[in-house]
Amino acid sequence: MARNEEKAQSMLYRFREAQAAELGLIRKKERRPGMASTVTSVGECERWRREVLGEVSRKVSKIQDVSLSDYQVRDLNDEINKLMREKYHWERRIRDLGGADYTRSAPKMLDHEGKEVPGNRGYKYFGRARDLPGVRELFEQEAPEPVSRSRSEIYRNIDADYYGYRDEEDGALIEYETEQENNLTERVLKSIEEQANEEEETEQDDATKAVELEQLVSDAFVPNQKQIEEYLVNRRRQQLLDTYVSADLQQNEQETRELVGQ
């Protein structure tokens, strides 16, 4: 990385870059305006906003590096917060120029663990900045101590209404219970009636199926023992003829049987 930075700062490299920019081979790198109010185009504001978001993404990834010292982590966190404020200025400028309102639909800032980035009064702590000395203790919330009350304080507001002794005096509870009881009775009777109708329909279907099965069995042809033996003998004879006798000979035999009357 140091070699590339030295190369970028060399006189020859800068001369070649300027020469290529004059010839139109590369686009000369523009410097981001210091104030968003000086830009009058929504497209240009969108471009600078994307550039700020890219820098924020790179610095948030870099702040996770465990090899950084506490001073470097603090500086990176300050730079990220500065970029976040700059991003807000560009978004407000885009809204003023008639573009999209990013501030309305902006989600919460989450870290790599999916937790909301902690902070106070607009200043956020990213990555290892949360583990800096004094930062973690700043956001740790102490658990409130349980409030102990005496028995007399607990029973101070307990009277007959707490145990339900006067619930039926105004008649509202009785009316509500009667209404619910009638509704429940009606639902139970309706359910019993529907179940009885379903059972009756099932019995009728079973009776119809039994009659159809009995009729089918009575109409079916059941051969006797002699007919079965004749069928088996004829099938065996036909198999032998198909195996050992030619088609012409079978045709002649069939014609002879027709003439004889067999």
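Tyr-155 counts as partly exposed, because its relative accessibility is 43% and the partly exposed class runs between the 20% and 50% cut-offs. Bear in mind that this is a predicted model. Tyr-155 sits in the loop that connects helix H6, residues 151-154, with helix H7, residues 172-219.

What is Tyr-155 part of at the surface? It contributes to a nonpolar patch of about 650 Å². The other contributors to that patch are Ile-154, Tyr-162, Tyr-163 and Tyr-165.

Now to the interior. The largest nonpolar core has 20 residues. Within this core, the members that touch the most others are Val-56, Ile-63, Val-73, Ile-80, Trp-90 and Ala-129. Two elements give two or more residues to the core: helix H3, residues 42-62, and helix H4, residues 70-96. Of these, H4 supplies the largest share, at seven residues.

Take Val-73, one of those well-connected members. Setting aside neighbours within four places in sequence, Val-73 is in contact with Ile-63, Leu-68, Arg-128, Ala-129 and Leu-132. Ile-63 and Ala-129 also appear among the core residues that touch the most other members.

Last, Arg-49, which is in helix H3. Is Arg-49 buried or exposed? Arg-49 is buried, because its relative accessible area is 12% and the cut-off for buried is under 20%. Which residues does Arg-49 contact, beyond its neighbours within four places in sequence? They are Lys-87, Trp-90, Glu-91, Ile-94 and Tyr-102. Trp-90 is again one of the core residues touching the most other members.

Conventions: Residues numbered from 1 in each chain as written. Predicted model: local features only at pLDDT ≥ 70, side-chain atom pairs only at ≥ 80, totals over all residues. Heavy atoms only, no water. Core = buried A, V, L, I, M, F, W, Y, C linked by side-chain atoms within 4.5 Å. Buried < 20%, exposed > 50% of the residue type's maximum accessible area, 1.4 Å probe, protein only. Helix = DSSP H or I, 4+ residues; strand = E, 2+ residues; numbered from the N terminus. Contact = heavy atoms within 4.5 Å. Patch = residues over 30% accessible without salt bridge, like charges linked within 9 Å, V, L, I, M, F, W, Y side chains within 5 Å. Areas by Shrake-Rupley, 256 points an atom, 1.4 Å probe, with all protein chains shown as cover. Salt bridge = Lys/Arg side-chain N within 4 Å of Asp/Glu carboxyl O.
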